[in-house]
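This report describes selected strand pairings and side-chain interactions of a single structure. The sequence and the structure are shown first, and the description follows.

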Amino acid sequence: LPAFSITVADVQTGSATVRWTPPTLNEDGSPLTDLRGYRLYYGTSSTNLDTVLDLPNPGLASAVIENLSPATWYFAVKAYNAADAESSFSNIASKTIT
């Protein structure tokens with residue numbers, strides 16, 4: 001599965017909304033017909049996204065992460081298919097929680 005882009009927005013203090021455009025093609029350009037969901041990776045270091053939220057719903061295009069402590073948080077998403085093959089990471093987006 002190919003990589004894709006995400007954005008992060010404020011919802012409320014201590015929360016962030018991560019949004020993405022669901023992929024429609026495989027890396028080889030063929031139609032993506034077996035998308036099964038997403039894995040949202042996040043953490044306080046862009047090189048150590050140590051928390052994973054499994055989102056087993058291919059219809060999703062956003063997720064809200066709550067109870068984030070004050071820090072700069074980094075987020076990336078991978079899509080996965082029925083064979084559990086994952087895409088590359090999306091871009092890494094960040095949000096500072098104050």
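Two strands are said to pair if DSSP finds at least two bridges between them. The structure is a predicted model, and the pairings described here are read from its coordinates.

**Strands β2 and β5**

Strand β2, residues 16-20, pairs with β5 in the antiparallel sense, over four bridges. Within this pairing, T17 has V64 of β5 as its bridge partner. Strand β5 itself spans residues 62-65 and has two unlike faces: A63 and I65 make up the covered face, while S62 and V64 make up the uncovered one. In a regular strand the side chains alternate between the two faces of the sheet. V64, the bridge partner of T17, thus belongs to the uncovered face of β5.

**The four-stranded sheet**

An open sheet is formed by four strands in the order β4-β3-β6-β7, with antiparallel pairing. Its edge strands, β4 and β7, each pair on one side only. From one strand to the next, the twist averages 25°. Strands of a sheet pair through backbone hydrogen bonds, either parallel or antiparallel. Between β3 and β4 the antiparallel pairing comprises five bridges, and R39 has D54 of β4 as its bridge partner.

**Salt bridges**

Side chains of opposite charge can pair when their charged atoms come close. Over the whole structure, a search finds four salt bridges. R39, D54, K78, D84 and E86 are linked in a network of such bridges. Three of the pairs are listed below.

| Pair | Closest N to O distance |
|---|---|
| R39 and D54 | 3.8 Å |
| R39 and E86 | 2.7 Å |
| K78 and E86 | 3.3 Å |

R39 and D54 are joined by a salt bridge as well as being bridge partners in the sheet. The salt bridge between R39 and D54 links distant parts of the chain, with R39 in strand β3 and D54 in strand β4, 15 residues apart. R39 has a relative accessible area of 16% and is therefore buried, the limit being under 20%. D54, by contrast, is partly exposed, at 39% relative accessibility.

R39 also meets E86 in a salt bridge. Because R39 lies in strand β3 and E86 in the loop between β6 (71-81) and β7 (93-97), this pair ties together parts that are 47 residues apart in sequence. E86 is partly exposed, with a relative accessible area of 30%. E86 forms a further salt bridge with K78, and K78 counts as buried at 16% relative accessibility.

**The loop residue T44**

Where does T44 lie? T44 is found in the loop between β3 (35-43) and β4 (51-55). Is T44 buried or exposed, or does it fall in between? Its relative accessibility is 48%, so T44 counts as partly exposed, a class that ends at 50%. Neighbours within four places in sequence set aside, T44 is in contact with A71, T72, W73 and Y74. T44 and F75 are 31 residues apart in sequence, and their C-alpha atoms are 8.9 Å apart in space.

Conventions
Residues are numbered from 1 along each chain as its sequence is written. This is a predicted model: local features need pLDDT of at least 70, side-chain atom pairs count only at pLDDT 80 or more; totals for chains, interfaces and linings use all residues. Side-chain values use heavy atoms; hydrogens and water are left out. Buried means under 20% relative accessible area, exposed over 50%, partly exposed in between (1.4 Å probe, protein chains only). Contact means heavy atoms within 4.5 Å. A salt bridge is a side-chain nitrogen of Lys or Arg within 4 Å of a carboxyl oxygen of Asp or Glu. Axes are lines fitted to C-alpha atoms, for helices over the stretch in contact, and angles run from 0 to 180 degrees between N-to-C directions.
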